[in-house]
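Let's take a walk through this one, from a loop to the rings and the core. Keep the model open while you read.

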Amino acid sequence: IYIRHGIWISLLLSYKSLPECYACAKGAEVLHKTARLNEDHGSLETYSRRIAETAQFVMFAMSPGGLSSRKRGLVATQKVRLIHGVVRYYLWQQDWDEKTFDKPINQEDMAGTLMSFSALILEGLDQLGIKLEPVEKEAYFHCWRVIGHIVGLDDDLIPDNAADGIK
């Protein structure tokens, strides 16, 4: 799916998925506090690097066999889990306001992000007139289910199939 529609998937990630993620106030506070999407703590290079890292992660994970043992997609996904853990630790050391913003990079935030990278992309492809066969939708969604598992998302928060994810 990614090889055939990678350009459209990348555009949808940039203009549909990521803006939706960044609009979530509690989750976006993590990005603000870590200066991963603003120039106040550095330069626009920080923002560009964050977007490029996300694009590279998706490209590696969606490449054929990318989530196989020791492949770049699996390593990139494991790196995301590690980064999430480091960011949580860093924010707790910085007196993170858990009462206002909940736990940083919590299960709810990760589930929402997973759906923005999977279900929203399938929805966006359909809106663009790119019709996937049911088996193709399930294959794409399955990759993201695996990614959700690897990054530590509770299995009960991962939809069983594409139709459940799109609901």
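**Loops, rings and core**

Start with Asp-95, which sits in the loop between H4 and helix H5 (98-101). Keep in mind that this is a predicted model. The phi of Asp-95 is near 60°, a positive value in a residue other than glycine. That's worth a look, because most residues other than glycine have a negative phi. Is Asp-95 buried or exposed? At 67% relative accessibility, and with the cut-off for exposed at over 50%, Asp-95 counts as exposed.

Arg-70 tells a similar story. You'll find Arg-70 in the loop between H3 and H4, and its phi is near 65°, again a positive value in a residue other than glycine. With 76% relative accessibility, Arg-70 counts as exposed.

Now for the rings. How many aromatic pairs does a search of the whole structure find? The search turns up 3 of them. One is formed by Phe-57 and Trp-144, and this pair is edge-to-face, with 6.0 Å centre to centre and 75° between the planes. The label follows from the angle, because planes over 60 degrees apart count as edge-to-face. Phe-57 belongs to helix H3 (residues 44-62) and Trp-144 to helix H8 (residues 134-150), so the pair ties together parts that are 87 residues apart in sequence. Both Phe-57 and Trp-144 are buried.

Another pair is made by Trp-96 and Phe-101; this one is tilted, at 5.5 Å centre to centre and 45° between the planes. Trp-96 has 10% relative accessibility, so Trp-96 counts as buried. Back at Phe-57 and Trp-144, there's a further ring to add: ring pairs link Phe-57, Phe-117 and Trp-144 into a cluster.

Trp-144 also leads you into the largest nonpolar core. This core has 38 residues, and Val-58, Met-62, Trp-144 and Ile-147 are the ones that touch the most other members. Which elements give two or more residues to this core? They are helix H1 (2-22), H3, helix H4 (72-93), helix H6 (107-117), helix H7 (119-127) and H8. H1 gives the most, with 6 residues.

To see some of this packing for yourself, centre your view on Val-58. Leaving aside residues up to four places away in sequence, Val-58 touches Tyr-2, Leu-13, Phe-117 and Trp-144. Two of these names should ring a bell: Phe-117 and Trp-144 are also in the ring cluster with Phe-57.

Technical notes: Residues numbered from 1 in each chain as written. Predicted model: local features only at pLDDT ≥ 70, side-chain atom pairs only at ≥ 80, totals over all residues. Heavy atoms only, no water. Phe/Tyr/Trp six-rings, centres within 6.5 Å; stacked < 30°, edge-to-face > 60°. Helix = DSSP H or I, 4+ residues; strand = E, 2+ residues; numbered from the N terminus. Buried < 20%, exposed > 50% of the residue type's maximum accessible area, 1.4 Å probe, protein only. Core = buried A, V, L, I, M, F, W, Y, C linked by side-chain atoms within 4.5 Å. Contact = heavy atoms within 4.5 Å.
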